[in-house]
Amino acid sequence: MISKDIAEAVLQEAKRKGATEADLVLVENELVTVQVRLGEVETIRSAREVGLGLRLFFGKRSATSSTSDLSKGSLARLVEDTSVLAKVTAHDEFSGLPSAEECARIFPELHLYDPDGEALPVKERIARAKEAEAAALAYDPRITNSEGADFSSNLYRIIYGSSHGFLGEYRGSTFSLAVTPIALFNGAMQRDYWYSYARNLSKLESPEAIGRRAAERTIRRLGGKKIRTQEVPVVFDPETAASLMQVLCSAVSGPSLYRGASFLIDRLGDRIAPEIVSVYDDGTIPGYLGSKPFDGEGLPTRRNAVLENGVLRSYLLDTYSARKLKLAPTGNAARGVGDVPTVGPTNFFLQPGPHDPAEIIRSVESGLYVTELIGPGVNLVTGDYSRGAVGFWIEKGELAYPVEEITVAGNLKEMLLGIEMVGNDLTFRNSVVAPTLKIRRMTIAGH
């Protein structure tokens with residue numbers, strides 16, 4: 001079991017070794033995953049993992065190391081070895097902890113932990129996965145196979161402490177259920193999926209609903225056609241619109257900016273999208289998947305207006321990238337046990353608009369409705385965007401037929417400026433989310 005006593009002892013040992021600054025993260029996870037396929041259990045994995053990540057500074061030199069052995073002797077060796085490494089690393093004028101004044105002083109109750117997960121029997125986990133898959137297989141006779149269903153849970157505890165006197169902790173939980181059915185018709189095979197992901201067990205969609213939605217998404221892909229290359233309006237469903245937000249999130253991330261690897265360098269205060277587009281990152285929303293009381297450096301999380309009415313208002317920054325860019329940190333430090341802090345989103349979302357998704361589709365005379373994106377195909381430096389896609393052709397405001405083996409291409413600068421409609425169907429199914437959105441024009445490469 002991890003404890004604040006362990007954190008305090010390691011920080012004291014670091015001080016005795018002469019470290020000018022030190023911080024650490026202690027993590028304990030209890031992970032359980034159940035996988036079933038065609039009604040049979042394929043895998044059950046249960047693991048309790050602990051880890052401690054330590055970062056020491058000697059002036060402007062620093063090193064980071066980690067261990068899963070929390071015995072007194074092991075931790076003493078960790079401090080000793082990290083001290084040796086730190087003293088021989090390069091001087092970096094931007095390194096160092098945030099000031100004590102910047103650290104969180106209040107820890108709001110964000111309802112991140114569901115104790116019901118502790119008592120959930122393995123047979124119940126198996127039953128949920130089997131029920132989801134069974135619902136998918138029973139939906140339509142053309143559903144002939146399955147890649148399986150997965151039920152996963154993670155109960156965790158995080159302690160962060162620094163030599164500035166900060167010592168905080170919180171507990172969290174996540175639960176997920178997913179299924180991927182396969183359909184066969186006229187010799188053509190298609191697969192799709194659906195999932196539910198939540199902090200609270202009771203907030204998961206029902207296994208039957210997940211299975212039916214996965215099957216419905218799979219069946220509608222049968223009979224996919226190719227289309228000719230052309231420029232048309234493109235509507236992204238919430239899942240694919242969220243992937244656009246992930247790209248935007250990377251472009252406003254501190255490391256991308258100070259490395260010169262973002263098309264949004266030096267664009268603060270510029271209009272980069274229409275007034276209908278506002279994007280926020282908010283780690284303070286109770287019960288949401290990206291929420292937490294403090295970030296990976298002990299700074300309080302907050303609501304950051306990234307885009308407000310189309311104007312770029314804020315980047316996402318940890319302490320190091322903020323210093324490099326001569327800006328203030330935004331409470332977005334993310335940290336794994338063995339890693340130095342970097343930048344990560346909390347709850348990053350496109351503010352919903354006034355339009356029903358059906359209304360957005362009706363506004364398109366001839367165009368594409370995207371339901372899946374394939375491959376990377378994004379150049380953050382230039383903004384060039386080209387990804388494989390699957391979806392439906394829109395004809396006279398209706399979904400006419402499925403399309404496949406196509407590519408959607410454009411440039412992110414033009415794509416952001418070309419957002420014409422934003423849907424009202426925002427759901428926080430993950431930590432980076434968006435509603436349905438319509439882009440005025442993109443190139444669809446077919447045959």
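This report walks through helices, strands, empty spaces and a few single residues of the structure above, which is a predicted model.

**Empty space**

Let's start with the voids. A search of the whole structure turns up one cavity of 30 Å³ or more, and the volume of the largest cavity comes to about 90 Å³. Its lining is made up of Leu 244, Met 245, Val 247, Leu 248, Phe 263, Leu 412, Met 415, Leu 416, Ile 419 and Ile 439. Sorted by class, that gives ten nonpolar residues, with no polar and no charged ones. Helices α5 (238–251) and α9 (412–417) each put at least two residues into this lining, and α5 gives the most, with four.

The largest pocket holds about 590 Å³ of space. It is lined by 27 residues, and those nearest its centre are Tyr 156, Ile 158, Tyr 170, Arg 199 and Lys 292. Here the lining is a mix: 13 nonpolar, ten polar and four charged residues. At least two lining residues come from each of β1 (21–37), β4 (143–162), β5 and β12 (333–334). Which strand supplies the largest share of the pocket lining? That is β4, with four residues.

Side by side, the two spaces look like this:

| Space | Volume | Nonpolar residues | Polar residues | Charged residues |
|---|---|---|---|---|
| Largest cavity | about 90 Å³ | ten | no | no |
| Largest pocket | about 590 Å³ | 13 | ten | four |

**Helix α1**

Next up is α1, which covers residues 4–16. With 13 residues, α1 reaches 19 Å from its first C-alpha to its last, close to the 18 Å expected at 1.5 Å a residue. Its buried residues are Ile 6, Ala 7, Val 10, Leu 11, Glu 13 and Ala 14. Looking down the axis of α1, these buried residues fall within an arc of 160°, so they line one face of the helix. As a general point, an α-helix has 3.6 residues a turn, so residues three or four places apart point the same way. On the other side of α1 you'll find Asp 5, Lys 15 and Arg 16, which are exposed.

**Strands and how they pair**

Strand β5 (residues 167–185), met above as a supplier of the pocket lining, also runs antiparallel to β7, with five bridges joining the two. Phe 175 sits opposite Ala 198 of β7. As for β7 itself (residues 194–198), four of its five residues are buried, so the strand is mostly covered.

Then there's β15 (residues 366–374), also mostly covered, with seven of its nine residues buried. What does β15 pair with in the parallel sense? Strand β8 (residues 230–236) runs parallel to β15, and three bridges join them. β15 also pairs with β16 (residues 384–395), this time antiparallel and over eight bridges. Val 370 is a handy residue to click on: it stands opposite Phe 236, and its bridge partner in β16 is Gly 391.

Elsewhere, five strands make an open sheet of mixed pairing, in the order β11-β10-β9-β14-β19. The edges are β11 (311–312) and β19 (432–433), each pairing on one side only. Two bridges join β14 (residues 348–350) to β19, and these two strands run parallel. Phe 349 has Val 433 as its bridge partner in β19.

**A few single residues**

Two residues other than glycine have a positive phi worth a look. For Asn 309, phi is near 50°. Asn 309 belongs to the loop between β10 (303–308) and β11, and that puts it next to strands of the open sheet described above. At 43% relative accessibility, Asn 309 counts as partly exposed, since the partly exposed class runs from 20% to 50%.

The other one is Lys 326, with phi near 60°. Lys 326 is found in the loop between α7 (319–325) and β12. Is Lys 326 buried or exposed? At 77% relative accessibility, Lys 326 counts as exposed, because the cut-off is over 50%.

Finally, Arg 213 lies in helix α4 (residues 207–219). Its relative accessible area of 34% makes Arg 213 partly exposed. Asp 192 is 21 residues away from Arg 213 along the chain, and their C-alpha atoms are separated by 9.6 Å.

Terms used:
Residues are numbered from 1 along each chain as its sequence is written. This is a predicted model: local features need pLDDT of at least 70, side-chain atom pairs count only at pLDDT 80 or more; totals for chains, interfaces and linings use all residues. Side-chain values use heavy atoms; hydrogens and water are left out. Buried means under 20% relative accessible area, exposed over 50%, partly exposed in between (1.4 Å probe, protein chains only). Two strands pair if DSSP finds at least two bridges between them. On a 1 Å grid over the protein atoms alone, a cavity is a set of points where a 1.4 Å probe fits but cannot get out, and a pocket is an open set with protein on both sides within 12 Å along at least five of seven lines; lining residues have an atom within 4 Å of a point. Grid points are joined across faces, edges and corners, and a volume is the space filled by probe spheres set on the points. Ala, Val, Leu, Ile, Met, Phe, Trp, Tyr, Cys and Pro count as nonpolar, Asp, Glu, Lys and Arg as charged, and the others, Gly among them, as polar. The expected span of a helix is 1.5 Å times one less than its number of residues. The arc is that of the directions from the helix axis to the C-beta atoms.
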